[in-house]
Amino acid sequence: MTKVISPASSYGNLNSMTVKKKPITSGRVRPATFAPYMPAGVISIGDLEQLVEQMKESGAEKVKFGGEMIFVWKGHERPHDPAPGYQSNNFKAPLVRPVRLCSAEVFCQRFKQPVLELARTIDERFRGTPLPVKLHIGIAGCPRSCSEPAVKDIGIIGHNQGYEILLGGSAGLGPVLAQSVGLAKDQKTVLAVIEKIIAYMQYGGKKMRLGRLIARIGKERFLEESGVAALLQPWDASTGERSEQE
Ligand code: SF4
């Protein structure tokens with residue numbers, strides 16, 4: 001008979017686990033991390049409780065989710081307001097989706113620009129904004145692009161010189177790679193770029209993903225009409241990639 005292994009049993013003995021911290025390099029401290037493998041990303045509530053308890057006991061302080069956290073009930077009825085204080089993400093309506101962020105500076109030392117607060121601010125200001133179609137935003141602290149900004153409607157990549165902006169990517173049916181359109185010198189400029197794009201999509205009234213919209217009217221015209229062109233500095237994506245090699 002095949003033995004069914006509970007996900008929790010495959011974490012190992014966390015209490016006896018020794019975690020080596022890497023030495024300080026370039027003034028950055030690499031924090032100890034542990035990313036428990038969960039088959040297909042699914043875990044029972046009981047195992048999750050046990051895991052959280054084990055992590056608390058081992059001294060862990062925070063959790064970073066790479067994807068969505070979705071609680072599932074047996075029946076089709078969800079209790080009213082099951083988690084007071086938490087809003088539920090809406091993955092169906094046409095609106096600005098929650099930012100997809102890489103491990104960022106708190107959890108990864110390879111970042112070229114800090115992105116955690118930027119992601120939080122973008123979510124606070126724009127998440128849930130109604131649009132004719134959905135809009136995905138992906139942010140990566142460096143060109144390694146762990147959050148896949150090249151397949152997001154708006155992709156943001158940290159470089160030593162600032163934040164590269166990519167537009168028009170999408171995954172799913174007919175995936176499209178985003179185009180690099182320029183460099184935002186700081187976070188304030190990134191926020192202004194996103195604001196302009198959302199305003200253009202809201203009032204333009206076109207029911208098409210950003211990539212299709214840009215393909216329809218042309219990149220230069222889109223950048224000019226939306227006001228994005230005036231905010232960005234020229235950026236040669238290939239030069240940027242070469243200069244970021246380590
Ligand atoms: S994109 Fe860069 S900074 Fe972000 S997690 Fe990946 S390697 Fe780290």
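This report walks through the fold, the strands, the core, the ligand shell and a few single residues of the structure above.

## About the model

The structure is a predicted model, in which local features need pLDDT of at least 70, side-chain atom pairs count only at pLDDT 80 or more, and totals for chains, interfaces and linings use all residues. Residues are numbered from 1 along each chain as its sequence is written.

## The overall fold

Let's start with the broad view. The protein chain has seven helices and five strands; these are DSSP runs numbered from the N terminus, with helices being H or I of at least four residues and strands being E of at least two. Along the sequence the pattern reads α-β-α-α-β-β-β-β-α-α-α-α.

The protein chain has 246 residues, and 26% of them count as buried. Here a residue is buried if 20 or more other C-beta atoms lie within 10 Å of its own, exposed if 12 or fewer, and partly exposed in between, with C-beta atoms placed from the backbone. Among contacts with a separation of 6 or more, 61% join residues 24 or more positions apart. A contact means that the C-beta atoms of two residues, placed from the backbone, lie within 7 Å.

## How the strands pair

Two strands pair if DSSP finds at least two bridges between them. Strand β1 (residues 100-101) pairs with β2 in the parallel sense over two bridges, and arginine 100 has glycine 138 of β2 as its bridge partner. β2 also pairs with β3, again in the parallel sense, over four bridges; there, isoleucine 137 is matched with isoleucine 154 of β3. Both faces of β2 are covered, with Ile137 and Ile139 buried on one side and Gly138 and Ala140 buried on the other. In a regular strand the side chains alternate between the two faces of the sheet.

Next along the chain, β3 and β4 run antiparallel and are joined by six bridges. They form a hairpin with two residues between them, and histidine 159 has glycine 162 of β4 as its bridge partner. β4 pairs with β5 in the antiparallel sense over five bridges, one partnership being tyrosine 163 with alanine 184 of β5. Six of the six residues of β4 are buried, so this strand is largely enclosed by the rest of the structure.

## The nonpolar core

A nonpolar core is a set of buried Ala, Val, Leu, Ile, Met, Phe, Trp, Tyr and Cys residues joined through C-beta atoms within 7 Å. The largest one holds 42 residues, of which Ile139, Ile165, Leu167, Ala184 and Val193 touch the most other members. At least two core residues each come from α3 (116-126), β2 (137-140), β3 (154-159), β4 (162-167), β5, α4, α5 and α6. The most come from α4, which gives five.

Isoleucine 139 is a good residue to click on. Beyond its neighbours within four places in sequence, its contacts include Val99, Leu101, Val115, Leu118 and Ile156.

## Helix α6 and its two sides

In helix α6 (residues 219-226), Phe222, Leu223 and Ser226 are buried. Seen down the axis of α6, these buried residues fall within an arc of 95°, so they line one face of the helix; the arc is that of the directions from the helix axis to the C-beta atoms. On the other side of α6, Glu220, Arg221 and Glu224 are exposed. The cover over the buried residues of α6 includes β5 (179-184), α4 (187-204) and α5 (210-217). Just after α6, glycine 227 takes a positive phi of about 90°.

## Around the ligand

The residues surrounding the ligand include Cys102, Cys108, Arg110, Phe111, Cys142, Arg144 and Cys146. To count as near, a residue must have its C-beta atom, placed from the backbone, within 6 Å of the molecule. By class, the shell has seven nonpolar, three polar and two charged residues. Ala, Val, Leu, Ile, Met, Phe, Trp, Tyr, Cys and Pro count as nonpolar, Asp, Glu, Lys and Arg as charged, and the others, Gly among them, as polar.

## Exposed spots to look at

Lysine 207 sits in the loop between α4 and α5 and counts as exposed because it has 12 C-beta neighbours inside 10 Å. Leaving out residues up to four places away in sequence, lysine 207 touches Pro132 and Val133.

Alanine 40, in the segment before α1 (45-57), has a positive phi near 60°. Aspartate 81, in the loop between α1 and β1, has a positive phi near 45°.
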